[in-house]
Amino acid sequence: SQLDAEAAEPPFVEQFLLKGELAEGEVALLERLKLDKDNSQLRFELGTLQFLRAIEGLGQSLYRHGRQKQSQWIPFLRIPLPENPEPEEISYRKVRHIFLNMQAELTRAEANLSRVTDRAVMQRLHFGRIRLDLNGDGATSEDEVLWRIFTTMNRGARITEDMAGRFVIAFDHADAIWLRGYCHLLLSMTNIILAHDFQDAFERTAQLYFPKVDSPYGYLRTSPSSRTWFGSDTDIADGIAMIHMIRYECTEPKRMMSALHHFEEVVRLSRLNWDAIQAEIDDDAEWIPNPKQTGVIPNVRVSPEMIDAWKAFLDEMDAILKGKKLLAHWRIENDGINLRRIFTEPTQLDLVLWLQGTAAKPYIEKGELTDHRVWRQLQQVFSGQFFGFAIWFN
């Protein structure tokens, strides 16, 4: 129960998480692992901390370069950050370096989580009280507590400081698998980004996201940073240019193969995760509960129908990633698109031509299309909220 979880001995890592001392915590955990390298509990705690360090490091990099508020709808740029009064200049090379650093942290986290073999592992964490040093000043303010970060990103969440202080999650073996899946998902996304050369697009439009850009087009007059997207003529012009410039050459095709591998791991690990969740017989502050358990998220239940629909979705995604089933396109009749070949035979990524249909030509095949009944059932079972549940379920 939640009360039992609050009364239990906290894990070693929590003292560092609550003070926002992630670097110090990593050093301490690595020292302990030198004496007990096969300790699953310590590996679980270290992997969790390293995952959070990857998020913290991304936040620090974005703050250093003065990430603009109007870019928060873009993946990887959504972390809520204070305004930096003295931002550093950013360049295309620095952007790639930011993603490479994030990949390195996530790879380390996944490697440690993959060594969690003991099914009895448990981390009871006061999750809302975890602190991240997002602005890199060596300290953590009240705005850098995890519950405040969450409520900033999710305006509908009504969480008070008292609620956050009492909010405990008992992360178990199934959650270690879940977190591995998230590492692979983020690694796949970063590999897709790094596989492509987007320097020209960045240098022409990065003023939408950052105040100081190393670019041949520094003469462009920009709108005040306080304005929102499309709040001025310059925003509109740059927004149109950004969409126009989404035609990136794939210069590192091996990264696309790596991205495919990571996506396949997400599917595999999600199956293992749900097998582990369904096998649980306790009911202890569950992050993702089975139908017989009570989760820590209020008023949200997981039904057997949801699990069945999710597993059907995983089967469908597995078939699509393997090229056994094809994706439909609104301009293509009868045939479909082999998604696997987009990763194994990458060319240019052109958003407009993909929407229009001509970019799909190299990947069109005859074959079995993805089953529309699976997607319709997902919407029905999850009451039209499948995307939100998918982010949670992973």
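## A walk from a small sheet to a long loop-flanked helix

In β6, Asp 350 is the bridge partner of Arg 247. That pairing is a good place to start in this predicted model. Arg 247 belongs to β4, which covers residues 247–250, and β4 and β6 run antiparallel to one another, joined over three bridges. On its other pairing, β4 meets β3, again in the antiparallel sense, this time over two bridges. Here His 196 has Cys 250 of β4 as its bridge partner.

Put these pairings together and you have an open sheet of three strands, in the order β3-β4-β6, with antiparallel pairing. Because β3 (196–197) and β6 (348–350) each have a single partner strand, they stand at the edges, and one side of each is left without a neighbour in the sheet.

Now look at the two faces of β4. Tyr 248 and Cys 250 make up its covered face, while Arg 247 and Glu 249 lie on the uncovered one. In a regular strand, side chains alternate between the two faces of the sheet. So the two residues named in the bridges above fall on opposite sides of this division: Cys 250 is on the covered face and Arg 247 on the uncovered face of β4.

Tyr 248 leads us on to a pocket. The second largest pocket has a volume of about 940 Å³. It is lined by 26 residues, and those closest to its centre are Ile 74, Pro 75, Ile 193, Tyr 209 and Tyr 248. Helices contribute to this lining too: α4 (40–64), α5 (92–113), α8 (173–194) and α9 (199–205) each supply at least two residues.

Next, follow the chain to helix α12, residues 304–321. Its 18 residues should span 26 Å at 1.5 Å a residue, and the end C-alpha atoms are 26 Å apart, which agrees. Its buried residues include Met 306, Trp 310, Phe 313 and Leu 314, and also the acidic pair Glu 316 and Asp 318. The buried residues of α12 pack against α11 (253–279), α13 (339–344), α15 (372–381) and α16 (386–393). After the helix comes Gly 323, with a positive phi near 80 degrees.

Two other positive phi values deserve a look, since most residues other than glycine have a negative phi. Ala 285, in the loop between α11 and α12, has a phi near 45 degrees. Ser 383, in the loop between α15 and α16, has a phi near 50 degrees. Are these residues buried or exposed? Ala 285 is buried, with a relative accessible area of 5%, whereas Ser 383 is exposed, at 60%.

Finally, a word on confidence. The mean pLDDT of the protein is 89, and 89% of its residues reach 70 or more. Over residues 1–7, though, the pLDDT is below 50, and this stretch has 15 contacts in the model beyond near neighbours in sequence. Residues 225–229 also stay under 50, with 15 contacts beyond four places in sequence.

Conventions
Residues are numbered from 1 along each chain as its sequence is written. Side-chain values use heavy atoms; hydrogens and water are left out. Two strands pair if DSSP finds at least two bridges between them. Helices (H or I, at least four residues) and strands (E, at least two) are DSSP runs, numbered from the N terminus. Buried means under 20% relative accessible area, exposed over 50%, partly exposed in between (1.4 Å probe, protein chains only). The expected span of a helix is 1.5 Å times one less than its number of residues. Contact means heavy atoms within 4.5 Å. pLDDT is the predictor's confidence in each residue, from 0 to 100. On a 1 Å grid over the protein atoms alone, a cavity is a set of points where a 1.4 Å probe fits but cannot get out, and a pocket is an open set with protein on both sides within 12 Å along at least five of seven lines; lining residues have an atom within 4 Å of a point. Grid points are joined across faces, edges and corners, and a volume is the space filled by probe spheres set on the points.
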